[in-house]
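Me: I am new to this structure and would like to learn how to read it. Could you take me through it slowly, from the whole chain to its parts?

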Amino acid sequence: MTASRPTRRQILQTGLGAAGALALPPQARATDDKILIGYWPIASGLPLYVALEKGFFKEAGLNVEGAKFASAQQVAEAMIAGRIHGSANGTASAVLALAEITSPGLFKIICSNPSNHKLVLDQFLVAKDSPIKAISELKGRRVASGPGIQNVTLARIILEKNGIASPQVTELPVGQHVAALAAGQVDAVYTLEPTGTAGRLKGLTRVLENGVISKYVLGEADAPWFGGSASLTTSFLKERPADAKKYIAAYARAVEHVRRNPEESRRHLDGFTAIEESLVKEVPLSGFTLYNEFKPADIAQFQKFFDVFLERRIFSRRVDVASLLYAG
């Protein structure tokens, strides 16, 4: 990999800063033939989990390893530093866009995961016995979100859309959301599946509202929110084109497997996310759109999402979604 390590100033300016984020997990060690893919342990990373555990990459002659990170920012930073070769679905699309602003031409999107109130991924949760019945009741309450600029920004927008001025949101690792609600440390969390399912099945939390991004940020409950994306770095695409094509084909095979076999596919969430195998059948799944399946309306909704971050001055320039899609 030839990408240069970003300066701390660059990372902080783009909202990607996290101490020590460029260090890979101890189980992930680069070799000449290994393909390292970063993932954040949420339900929408399922295609990677399936491809790894069902041997789709091995059957394609590839040595692929998943590298687990505590946040999407860490995945993006590792891509910038050239320490991994791409991201799994579930890696925050806006964080990838920030990485693109920092390092133009960094990656191409091979698949994204749309969600809404039907294809559930994003949600607000409260404790099971909480008296709170609506997001509008969170004024003056302690609200947390997953780590990173995308999660915090979206949580604030949702709160604002519900009449709460200048909302304060605390970053908290998703693995701590259920426990924090149960212990009364926070009153509500903006989070991603399988957190809501895990909390509900344990009798600790309940969903306040699902599909909040489509409804409050995009303005349509049915609108596809392309909140996470699988990608490959352009350096990998250029330096190992044959392996890249094999990887994309195997990843697409995993996407199709998830579509055709959602119940069987769910069991692969165990070991990659915080939910146990005995509970995975309850987890709702987001959709998956491969690079060659995007319609103009999809790209328009994806661009609308990115433009929100430009309006909020989190993006220093407009990021064109169409130019980020892998062209084959």
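**Reading the fold**

Reply: Let us begin with the inventory: the protein chain, seen here in a predicted model, has 14 helices and 11 strands.

Me: What does the radius of gyration say about the protein chain of 328 residues?

Reply: The idea is to set the value beside the one that a compact globule would have, and with 328 residues that would be near 20 Å; the protein chain has 19 Å, which agrees. Along the principal axes, its C-alpha atoms fill a box of roughly 55 × 45 × 40 Å.

Me: In what order do the strands of the six-stranded open sheet lie?

Reply: A sheet is read from one edge to the other, and here the order is S2-S1-S3-S10-S4-S11, with mixed pairing. Strand S2 (63-68) and strand S11 (289-290) are the edge strands, each pairing on one side only. Within this sheet, strand S3 (residues 86-87) and strand S10 (residues 225-233) are joined in the antiparallel sense by two bridges, and Ser87 stands opposite Ser231 in S10.

Me: Which helices pack on that sheet, and which strands do they touch?

Reply: Helix H11 (residues 241-260) touches strand S1 (34-39), S2, strand S4 (107-115), S10 and S11, and its direction makes about 5 degrees with that of S4. Helix H13 (residues 296-311) also packs on the sheet, where it touches S4 and S10, and its direction makes about 95 degrees with that of S10.

Me: How is the open sheet of five strands arranged?

Reply: Reading across in the same way, we find the order S7-S6-S8-S5-S9, again with mixed pairing. Strand S7 (169-171) and strand S9 (205-210) stand at the edges with a single partner strand each, so one side of each has no neighbour in the sheet. From one strand to the next, the twist averages 30 degrees. Strand S5 (residues 122-127) runs antiparallel to S9, and five bridges join them; Ala127 has Thr205 in S9 as its bridge partner.

Me: How do helix H4 and helix H5 pack, and which residues meet?

Reply: For a pair of helices, one looks at the angle, the separation and the contacts. Helix H4 (residues 72-80) and helix H5 (residues 93-102) pack at an angle of about 30 degrees, with their axes 9 Å apart. Since angles under 35 degrees count as roughly parallel, that makes H4 roughly parallel to H5, and the crossing is right-handed. Ala72, Gln73, Ala76, Met79 and Ile80 in H4 meet Val95, Leu96, Ala99 and Thr102 in H5; by class, this contact has seven nonpolar, two polar and no charged residues.

Notes. Residues are numbered from 1 along each chain as its sequence is written. This is a predicted model: local features need pLDDT of at least 70, side-chain atom pairs count only at pLDDT 80 or more; totals for chains, interfaces and linings use all residues. Side-chain values use heavy atoms; hydrogens and water are left out. Two strands pair if DSSP finds at least two bridges between them. Helices (H or I, at least four residues) and strands (E, at least two) are DSSP runs, numbered from the N terminus. Axes are lines fitted to C-alpha atoms, for helices over the stretch in contact, and angles run from 0 to 180 degrees between N-to-C directions. Angles under 35 degrees count as roughly parallel, over 145 as roughly antiparallel, 65 to 115 as roughly perpendicular and the rest as oblique. A crossing is left-handed if the near helix is turned anticlockwise from the far one by less than a right angle, and right-handed if clockwise. Contact means heavy atoms within 4.5 Å. Ala, Val, Leu, Ile, Met, Phe, Trp, Tyr, Cys and Pro count as nonpolar, Asp, Glu, Lys and Arg as charged, and the others, Gly among them, as polar. The radius of gyration is taken over C-alpha atoms; the globule rule is 2.2 Å times the number of residues to the power 0.38.
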